[in-house]
Amino acid sequence: MIELSERNTKDLDYQKLRGGYYTPDLVGDFLADWVVQSPTDQIFEPSCGDGSLLRATVNRLQELGSQPTQIIEQIYGVEIDPDEADKARRTLSGLVSSEQEPRVFAGDFFQFRRRIETGDLFGGDLSVRKFNGVIGNPPFIRYQNFPEDSRSLAFDQMNRVGLNPNGHTNMWVPFLVLSALLLGKEGRFGMVIPAELFQVDYAAETRKFLSKFFDQLALITFRELVFEDLQQEVILLLGAKGEVENEGIRLVKLDNADDLRSYEHDDISSVEVKPLDHSEEKWTQYYLETSEIELLREVEANHEITRSGEVYDVSVGVVTGKNDFFILEQGEAEELGIEDSVLDIVTRSGHLSGAIFRREDWEENNAIQRSSCLFKPEEASLEELSEAARSYIKHGEEKEHHTGYKCRTRDPWYIVPSVWIPDAFMLRQVHSYPKLILNEAQATCTDTIHRVEFYEDWKGKKREVCAAFLNSMTFAFAEVRGRSYGGGVMTFEPSEGENLPLPLAAADKIDLDQVDQLIRADRIGEVLDMNDQVLLEEGLGLSNSKITVLRDIWKKLRDRRIER
């Protein structure tokens with residue numbers, strides 16, 4: 001055994017922080033059957049845990065006729081937790097009944113990989129730099145919990161192969177990319193990956209890498225969650241090098257992990273090949289049929305379409321640092337005597353019921369005791385503020401609100417920064433469909449909602465744009481461009497809200513007030529029928545059949561995430 005590093009942290013949160021969620025046997029067997037193709041294959045596992053995937057690999061090698069004395073020399077694993085690494089070694093030793101020490105290394109995968117590159121491992125035998133197969137279930141650790149020393153190693157190695165991870169890159173990304181690069185010219189790859197791969201911006205470069213690196217690429221998706229303790233959708237990524245010419249990507253849709261019992265790898269070849277886009281497009285589109293994907297690409301290439309980022313800028317809402325202190329009901333503000341130190345605010349997407357947010361909407365929210373006021377005293381010294389404002393600030397300090405991270409980093413702590421009135425609101429979290437809501441109430445919003453500021457040339461067309469936003473084409477692209485983490489909710493980051501196609505050629509024919517009434521009556525179908533005819537048929541010249549397909553794309557992707 002070679003000790004690469006040690007970690008003594010054993011507190012209650014350790015398992016969560018190390019991202020260890022062990023692979024069900026069904027999944028492990030399926031991956032091993034894909035990865036291991038020969039009794040002489042050398043297989044690598046970059047995060048082997050207690051050895052569940054190694055066990056599946058041994059079983060597969062034995063099926064193919066490999067002998068115990070061979071197997072112990074064919075399998076390589078790395079595990080950062082020394083105790084888990086010991087379990088993996090015992091697992092391997094028990095399976096092959098060998099006196100040889102299993103090649104399971106306790107330490108950091110990225111340090112291990114660097115030592116492979118330098119020839120520091122395996123007695124300087126540089127031939128053991130590439131493997132016939134890589135199998136894995138990497139740690140699901142977000143950037144903020146990615147240990148700095150390990151992250152530095154990982155990012156440096158990615159940089160040296162021309163990739164540029166950023167401050168949002170989670171640990172599974174370098175695990176995926178850097179372990180794939182350990183494959184030989186002909187080799188197979190099987191890994192459990194978060195479905196984030198399909199949709200998050202920080203994985204865009206990874207999607208492009210995978211589409212070019214593998215000659216054969218298939219993704220197994222599941223309608224139900226695979227890991228009981230992990231409320232996150234996962235996929236199985238199957239790749240192969242040197243077997244066939246790169247023709248695209250196959251997406252296999254299964255209900256649950258039990259379906260793997262009857263699913264054969266040969267079945268994958270019968271799945272429709274989707275044409276890969278080697279740009280940094282999201283892969284959510286591959287849930288669609290090839291004809292649907294091609295229609296989206298055709299429509300987006302139409303010169304009559306305007307990209308939303310050319311019309312407006314999307315920004316996060318107000319971040320107070322302590323909503324319990326800064327967000328109040330109107331009655332509370334009046335009772336405290338600070339009604340002259342508050343601004344109107346919207347705090348929930350559900351408070352925006354129509355396509356227009358009017359003053360009477362704010363008043364209705366306030367009447368049913370929805371917190372609709374933001375404490376925003378004048379930017380003056382404490383002594384210059386009203387007695388009531390000073391008293392409220394002192395109350396906040398007695399509650400130690402000023403010691404919270406966001407509050408203590410600003411001076412003075414009670415002045416919330418970046419408070420301005422947007423032209424419109426955009427839903428940050430979407431259930432059924434996205435909306436762009438005209439702000440006639442002159443309110444601001446918290447960061448549960450995005451703020452939209454129209455560019456000067458579009459200020460006079462705000463009503464037209466907000467009305468035209470509601471159409472089947474934009475809805476379809478919203479499902480492709482947004483991201484869904486579970487619970488049926490789609491989330492938009494500002495950059496994604498600025499990357500939607502808008503059909504504005506005939507938008508002046510749509511009455512926003514009429515649209516608003518229909519939305520409030522929960523009649524979105526009628527809105528789409530009306531807007532699609534004006535915007536897509538008359539404005540863009542799309543046929544009824546293409547408009548129907550666009551509507552079906554939206555419904556298909558929306559229903560898939562809502563069912564989750």
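**Exercise 1. Helix packing**

Determine the handedness of the crossing of α18 and α22 in this predicted model.

*Solution.* Step 1. Two packed helices are described by the angle between their axes and the distance between the axes. Step 2. The helices concerned are α18, residues 472–481, and α22, residues 544–563; they pack at an angle of about 35 degrees, and their axes are 8 Å apart. Step 3. A crossing is left-handed if the near helix is turned anticlockwise from the far one by less than a right angle. The crossing of α18 and α22 is left-handed. Step 4. On the α18 side, the residues that meet α22 are Ser472, Met473, Phe475, Ala476, Glu479 and Val480. Their counterparts in α22 are Leu550, Arg551, Ile553, Trp554, Leu557, Arg558 and Arg561.

**Exercise 2. The sheet of nine strands**

State the strand order of the open sheet of nine strands, and explain why one side of β3 and of β9 is left without a neighbour in the sheet.

*Solution.* Step 1. Strands of a sheet pair through backbone hydrogen bonds, either parallel or antiparallel. Step 2. The order is β3-β2-β1-β4-β5-β7-β6-β8-β9, and the pairing is mixed. Step 3. The edges are occupied by β3 (103–106) and β9 (273–274); each has a single partner strand, so one side of each lacks a neighbour in the sheet. Step 4. At the β3 edge, β2 (residues 75–79) runs parallel to β3 and is joined to β3 by four bridges. Within this pairing, Tyr76 stands opposite Arg103 in β3.

**Exercise 3. The sheet of three strands**

Find which strands stand at the edges of the open sheet of three strands.

*Solution.* Step 1. The strand order is β17-β22-β21, with antiparallel pairing. Step 2. Because β17 (429–430) and β21 (483–484) each have a single partner strand, they stand at the edges, and one side of each is left without a neighbour in the sheet. Step 3. Two bridges connect β17 with β22 (residues 490–491), and these strands run antiparallel. Gln429 stands opposite Thr491 in β22.

**Exercise 4. Asn256**

Decide whether Asn256 counts as buried or exposed, and describe its surroundings.

*Solution.* Step 1. Asn256 is placed in the loop between β8 (249–254) and α10 (265–268). Step 2. Its relative accessibility is 19%, and the limit for a buried residue is under 20%, so Asn256 counts as buried. Step 3. Not counting residues up to four places away in sequence, Asn256 touches Phe222 and Glu224. Step 4. With Glu224 there is a polar contact between the side chains, at 3.5 Å.

**Exercise 5. Asp313**

Establish which residues are in contact with Asp313, leaving aside its neighbours within four places in sequence.

*Solution.* Step 1. Asp313 belongs to strand β11 (residues 312–316). Step 2. The relative accessible area of Asp313 is 29%, so this residue is partly exposed. Step 3. The contacts are with Arg451, Val452, Glu453, Tyr455 and Glu498. Step 4. Asp313 and Gly497 are 184 residues apart in sequence, yet 8.7 Å apart in space, C-alpha to C-alpha. Step 5. The side chains of Asp313 and Ser315 are joined by a polar contact of 3.1 Å.

**Exercise 6. Cysteines**

Explain why the sulfur of Cys445 is not bonded to the closest cysteine sulfur.

*Solution.* Step 1. A disulfide is a covalent bond between the sulfur atoms of two cysteines. Step 2. The cut-off for the pair of sulfur atoms is within 2.5 Å. Step 3. The closest cysteine sulfur to that of Cys445 is in Cys466, 13 Å away, which is too far for a bond. Step 4. The count of disulfides by this rule is zero. Step 5. Cys445 counts as buried at 0% relative accessibility, and Cys48 counts as buried at 3%.

Key. Residues numbered from 1 in each chain as written. Predicted model: local features only at pLDDT ≥ 70, side-chain atom pairs only at ≥ 80, totals over all residues. Heavy atoms only, no water. Pairing = 2+ DSSP bridges. Buried < 20%, exposed > 50% of the residue type's maximum accessible area, 1.4 Å probe, protein only. Polar contact = N/O pair within 3.5 Å; in protein donor to acceptor, adjacent residues only side chain to side chain. Contact = heavy atoms within 4.5 Å. Axes fitted to C-alpha atoms, helices over the stretch in contact; angles between N-to-C directions.
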